[in-house]
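I opened this entry to keep a record of what I looked up in one structure. The order is salt bridges, then the pocket, then the surface.

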Amino acid sequence: EPHNTLQHVVKVMAADSSAVSAAQVLDETAEKVRFFSIDGSHLAEATYRDMKLAHASLADGGIVVIDDYFAEGFPGVSEGVQRFFSEQDVLCSTSHAEPIRPF
């Protein structure tokens with residue numbers, strides 16, 4: 001079977017970010033992540049934690065997708081993301097990782 005099939009390129013890891021470390025994500029994927037989707041708790045603290053996990057796991061130039069950012073019923077999503085961006089400079093200086101840039 002060829003190694004360039006989708007199953008060899010895409011690794012889905014559905015997990016609670018409070019129970020997963022960046023080391024576990026990198027161990028599971030064998031390399032930095034190029035695409036990280038956040039669709040979880042909808043609470044500010046959980047979304048902030050998801051963003052920190054994404055940041056620590058993401059390859060330079062990787063993409064983070066955040067579900068329900070603009071959903072009126074889930075203000076915690078945007079609150080957690082904004083908290084992450086307000087603290088990102090400190091996180092980057094301690095981890096030497098590239099910052100995540102919104103677009």
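My notes follow, topic by topic.

**Model**

I am working from a predicted model.

**Salt bridges**

I began with a search of the whole structure, and it returned 3 salt bridges. I then went through the pairs.

Glu31 and Arg34 pair through their side chains, with 3.8 Å from N to O. I noted that this falls inside the cut-off, because a salt bridge needs the side-chain nitrogen within 4 Å of a carboxyl oxygen. I looked up the accessibility of both partners. Arg34 is exposed, at a relative accessible area of 52%. Glu31 has 46% relative accessibility, so I put it down as partly exposed.

Next I looked at Glu45 and Arg83. Their closest N and O atoms are 2.7 Å apart. The pair links distant parts of the chain, since Glu45 sits in helix α3 and Arg83 in helix α4, 38 residues apart. Glu45 is partly exposed at 45% relative accessibility, and Arg83 is also partly exposed, at 32%.

Arg83 appears again in a salt bridge with Glu87, at 3.3 Å from N to O. I asked myself how many residues separate Arg83 and Glu87 in helix α4. They are 4 residues apart, which means a separation of about one helical turn. Glu87 has a relative accessible area of 30% and is partly exposed.

I wrote down the outcome as one network of salt bridges that links Glu45, Arg83 and Glu87. As a reminder to myself, side chains of opposite charge can pair when their charged atoms come close.

**Largest pocket**

I turned to empty space. Rolling a probe the size of a water molecule over the atoms shows where it is left.

The largest pocket has a volume of about 780 Å³. I listed its lining and got 28 residues. Those nearest the centre of the pocket are Lys11, Met13, Phe35, Phe36 and Ser37.

Which element gives the largest share of the lining? I found that β1 does, with 6 residues. At least two lining residues each come from α1 (6-9), α2 (22-29), β1 (33-38) and α3 (44-57).

I also sorted the lining by class. It has 14 nonpolar residues, 8 charged ones and 6 polar ones.

**Nonpolar surface patch**

I looked for nonpolar side chains at the surface. Phe35, Ile63 and Val65 make a nonpolar patch of about 250 Å². I had already noted Phe35 among the residues nearest the centre of the largest pocket.

I checked Val65 further. Val65 belongs to strand β2, which covers residues 58-66. Its relative accessible area is 35%, and it counts as partly exposed. That value lets Val65 into a patch, because patch residues need over 30% relative accessible area and no salt bridge.

**Asp89**

My last entry is for Asp89. Is Asp89 buried or exposed? I found 64% relative accessibility, so Asp89 counts as exposed. Asp89 lies in helix α4, residues 75-95.

I also looked up its distance to Pro99. The two residues are 10 apart along the chain, and their C-alpha atoms are separated by 7.5 Å.

Definitions and conventions: Residues are numbered from 1 along each chain as its sequence is written. This is a predicted model: local features need pLDDT of at least 70, side-chain atom pairs count only at pLDDT 80 or more; totals for chains, interfaces and linings use all residues. Side-chain values use heavy atoms; hydrogens and water are left out. Patches are made of residues with over 30% relative accessible area and no salt bridge: like charges are joined within 9 Å, nonpolar side chains (Val, Leu, Ile, Met, Phe, Trp, Tyr) within 5 Å. Accessible areas come from the Shrake-Rupley method with a 1.4 Å probe; for residues, only the protein chains shown count as cover. Buried means under 20% relative accessible area, exposed over 50%, partly exposed in between (1.4 Å probe, protein chains only). On a 1 Å grid over the protein atoms alone, a cavity is a set of points where a 1.4 Å probe fits but cannot get out, and a pocket is an open set with protein on both sides within 12 Å along at least five of seven lines; lining residues have an atom within 4 Å of a point. Grid points are joined across faces, edges and corners, and a volume is the space filled by probe spheres set on the points. Ala, Val, Leu, Ile, Met, Phe, Trp, Tyr, Cys and Pro count as nonpolar, Asp, Glu, Lys and Arg as charged, and the others, Gly among them, as polar.
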